Amino acid sequence: MSKPEGVTTLKSFSYRGKHYQVPIFDTLEPITILARETTLTLPTAEQSRVIRCLNSTWDLSEFKKPRSPVSLGTLSHDELNVFSKPEAVRVLDLPIKLPDCEQYRLPRALRQFTGTIARVVDVEHRINPRHADYHAYLTIDQRWVEPGTLQREAPCHVDGFQGARWQPKCLTNHTYTVSDLLPTAYYVQPFDFDGLDERVHDYFWEMNAQVADTNEAHRWQPSPAEITMMDCYCVHRGVENEGPSRVFRTWLRVSFEERRRVFDRLGNAHNPLFDYEWNMVDRDIEQLGLRPFRTNADASLRVFPWQDLEGNALPKGAPKTKPKLRRA
Ligand SMILES: [Fe+2]
């Protein structure tokens, strides 16, 4: 990745075979975003489980109730042109708002995302009376997606899963996402985790298995450039580029996480426009040693993407293992 204006250094980290490149931002020409009035039509709490569960405490039984993300409109042609500009800086969970602060602060290197983030902020402050209790974390990924691959290989999963580490349980998260093409697939179906133990079982593998049980019958996708909001119970997965040629994809995520949810994982970016210091630690799901609940599920549904079907690490550059979610 070349070094865009506003980035002083690209720092590299590696752990457990994974590599992270973290941009170090300068503090020149900081961008400040404040919520504006919005007249957007939004569903009520009666109409949307995602809206209803805002500011509630994590509860596994909510997975039994199928839910769709909330649609928040589509980026215009002009907005999309700015959003998709190449050579964007990739960041992972960069705090752009801290609790008890009204301002969202963006390093200038991320300028092209200002308009999209402003739209998200307008909605957040309208629907969430407790926005002051939350961090907002920004993730940007932009890259070529080769035929037969996806930008961010992962099992069916949710963002903001609260595993055994979070005791007592926190408020649920909610997350805004948009991509210019290959919109994320959501699985609007009930998920039943009775019998699973969060200290023992990998819930994402069980999500794979329950989606495969239905042969992906409940898959739903927004349109390209459509902004949506999901919560931590909306099971989803990126989609493959099924076309004959590679495509250039830009994807943005803004996650709202309550004040206890400090994302101090090594590899996440630091925002120098806020005065905070977190002790960053290496952490990932692999180190938890979780097992599949169903040991007889198809092998592809119960390995990490970087493993082969026997669980051995794939050689560098080898195609990632995909969960087989549909029968042939
Ligand atoms: Fe996700």
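**Figure 1. A close-up of Leu182, a buried residue with positive phi in a predicted model.** In this predicted model, Leu182 has 20 other C-beta atoms within 10 Å, and 20 or more is the mark of a buried residue, so Leu182 counts as buried. Leu182 sits in the loop that links strand 8 to strand 9 (185-187). Its phi lies near 50°, a positive value in a residue other than glycine. For context, most residues other than glycine have a negative phi.

**Figure 2. Asp100, an exposed loop residue that also has a positive phi.** Here we visit the loop between strand 5 and strand 6 (104-106), where Asp100 is placed. Phi of Asp100 is near 65°. Is Asp100 buried or exposed? With 9 other C-beta atoms within 10 Å, and 12 or fewer being the limit for exposure, Asp100 is exposed.

**Figure 3. A cis peptide bond leading into Pro168.** The bond from Gln167 to Pro168 has omega near -10°, and is cis. Pro168 belongs to the loop between strand 7 and strand 8. As a reminder when you check the backbone, most peptide bonds are trans.

**Figure 4. The six-stranded open sheet.** Follow the strands in the order 4-11-8-13-7-5, and you will find antiparallel pairing. Which strands form the edges? They are strand 4 (70-74) and strand 5 (91-97), each of which pairs on one side only. From one strand to the next, the twist averages 20°. In general, strands of a sheet pair through backbone hydrogen bonds.

**Figure 5. Strand 7 beside strand 13.** Strand 7 covers residues 134-145 and strand 13 covers residues 247-258. These two strands run antiparallel and are joined by 12 bridges. One place to look is Gln142, whose bridge partner in strand 13 is Thr250.

**Figure 6. Helix 3 across the sheet strands.** Helix 3, made of residues 114-127, lies across strand 4, strand 8 (174-179), strand 11 (226-231) and strand 13. Relative to strand 13, helix 3 runs at about 30°.

**Figure 7. Helix 4, a mostly covered helix.** Of the 11 residues in helix 4, nine are buried. Among them are the aromatic residues Tyr203, Phe204 and Trp205, and also Glu206, Asn208 and Gln210. The buried residues of helix 4 pack against strand 9. Following helix 4 comes Asn215, with a positive phi near 55°.

**Figure 8. The largest nonpolar core, with Val235 in the picture.** This core has 56 residues. Those with the most contacts inside it are Tyr104, Ile117, Ala136, Leu138, Met207, Cys234 and Val235. Helix 4 (residues 203-213) gives the most to this core, contributing six residues. What does Val235 contact, leaving aside its neighbours within four places in sequence? Its partners are Cys156, His157, Val158, Tyr187, Phe191 and Met207.

**Figure 9. Stepping back to the whole protein.** The secondary structure comes to four helices and 13 strands. The radius of gyration is 19 Å, close to the 20 Å that the globule rule gives for 328 residues, so the protein is as compact as a globular protein of that length. Along its principal axes, the C-alpha trace spans about 55 × 45 × 40 Å. Buried residues make up 34% of the 328 residues. Among contacts between residues at least 6 apart in sequence, 79% join residues at least 24 apart.

Technical notes. Residues are numbered from 1 along each chain as its sequence is written. This is a predicted model: local features need pLDDT of at least 70, side-chain atom pairs count only at pLDDT 80 or more; totals for chains, interfaces and linings use all residues. Two strands pair if DSSP finds at least two bridges between them. Axes are lines fitted to C-alpha atoms, for helices over the stretch in contact, and angles run from 0 to 180 degrees between N-to-C directions. Two residues are in contact if their C-beta atoms, placed from the backbone, lie within 7 Å. The radius of gyration is taken over C-alpha atoms; the globule rule is 2.2 Å times the number of residues to the power 0.38. A nonpolar core is a set of buried Ala, Val, Leu, Ile, Met, Phe, Trp, Tyr and Cys residues joined through C-beta atoms within 7 Å.
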